[in-house]
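User: I am new to reading protein models. Please take one strand and walk me through its surroundings in detail.

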Amino acid sequence: MPDLHQPLMIITDLDGSLLDHHTYRWDAATEWLTMLKQYAVPLVICSSKTAAEIIPLQKRLGISGSPFIAENGAVVQTHDQQRIRLPDTTLTYDAICQRLAALKTAYRFTGFHDFSDPEVAAMTGLSEADAELSRQRDASEVIVWRDSDKAFEQFHDALRAQGLALTQGGRFWHVMPAGSGKGEALRWLLAHSPGEARVTIGLGDGPNDAPMLDAVDYAVVIKGYSKTPVTLSRSDQQQIYHTAHHGPEGWREGLDYFLTQPQ
């Protein structure tokens, strides 16, 4: 088991994990957040949220300047504050929206690009100010599917032909560059991180967290609300923990399980 005296790194999803799915609060995780700061353990956010959302949240969490992974792995901000789109730095948000617009003649769906801030706020429970931050996208689009299941399979094939991929988040579907994802982004970040190698603990609750949870040394699968289970490809069951609680309560439970708090 890892412990706080080792060189550690915590990689965490936000919505439904560190943040409550409904209230976006993290009260139950506060004690561990304080402990991680005391032991200088880096906390790396790995989320579907945008960089515009993550940066002010980092400030509130007291981890400003830490690297992070945004938009389900399509965007990485490094230790030296460089923001990189993965895997194709040329595939911008506008370019993705243009490719999606061409598919709207055949399929019924709506993207965040098409919504107003009040509409996104109503769908997500975010304030209008936070909804506006969620629409400041760099390299992926969030969509609401309005067509049939059969059409969805065809849509998935059409995206692949456009060099795009689809991943399921806690609330919506996310269209991203093919070859990007939380696992790929984390491996890239770890390979480009300065200093000694760190033991990694990942925490997430949704299907889109599975690649990240497969890429860490120890995985905490937080009990989620998605109908789709979190299925990991790794076989080291002793290094995987499934929580009994949702959200920040589950987040705390997972760290309690893997990390022995000092007496």
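Analyst: Let us start with the two faces of strand S1. On one side sit Leu8, Ile10 and Thr12, and on the other sit Met9 and Ile11; all of these residues are buried, so both faces are covered. This is a predicted model, so read each statement as one about a prediction. In a regular strand, side chains alternate between the two faces of the sheet. Strand S1 spans residues 8–12, and 5 of its 5 residues are buried.

Now look sideways, at the partners. S1 pairs with strand S10, which covers residues 199–204. The sense is parallel, and the pairing runs over 5 bridges. S1 also pairs with strand S2, residues 43–46. That pairing is parallel too, over 3 bridges.

One residue helps you find your place. Isoleucine 11 stands opposite glycine 202 in S10. Isoleucine 11 also stands opposite valine 44 in S2. From S1, the chain passes through helix H1, residues 30–38, before it reaches S2. This β-α-β crossover is right-handed.

Stay with H1 for a moment. H1 packs with helix H9, which covers residues 247–258. Their axes lie 9 Å apart, at an angle of about 45°. H1 therefore counts as oblique to H9. Which residues meet there? From H1 come Trp32, Leu33 and Leu36. From H9 come Trp251, Arg252, Leu255 and Asp256.

Back to the cysteines. Cysteine 46 is buried, because its relative accessible area is 0%, and buried means under 20%. Cysteine 97 has 12% relative accessibility, so cysteine 97 counts as buried as well. A disulfide is a covalent bond between the sulfur atoms of two cysteines. The structure holds 0 disulfides.

For contrast, turn to pairings in the antiparallel sense. Strand S9 covers residues 173–177, and 4 of its 5 residues are buried. Strand S7, residues 141–145, pairs with S9 in the antiparallel sense over 3 bridges. In that pairing, glutamate 141 stands opposite valine 175 in S9. Strand S8, residues 164–168, pairs with S9 in the antiparallel sense over 5 bridges. There, glutamine 168 stands opposite tryptophan 173 in S9.

To recap, S1 has 5 of its 5 residues buried. S1 pairs in the parallel sense with S10 and with S2. The chain crosses from S1 through H1 to S2.

Conventions
Residues numbered from 1 in each chain as written. Predicted model: local features only at pLDDT ≥ 70, side-chain atom pairs only at ≥ 80, totals over all residues. Heavy atoms only, no water. Disulfide = S-S within 2.5 Å. Buried < 20%, exposed > 50% of the residue type's maximum accessible area, 1.4 Å probe, protein only. Helix = DSSP H or I, 4+ residues; strand = E, 2+ residues; numbered from the N terminus. Pairing = 2+ DSSP bridges. Right-handed = clockwise from strand over helix to strand, strands pointing away. Axes fitted to C-alpha atoms, helices over the stretch in contact; angles between N-to-C directions. Parallel < 35°, antiparallel > 145°, perpendicular 65-115°, else oblique. Contact = heavy atoms within 4.5 Å.
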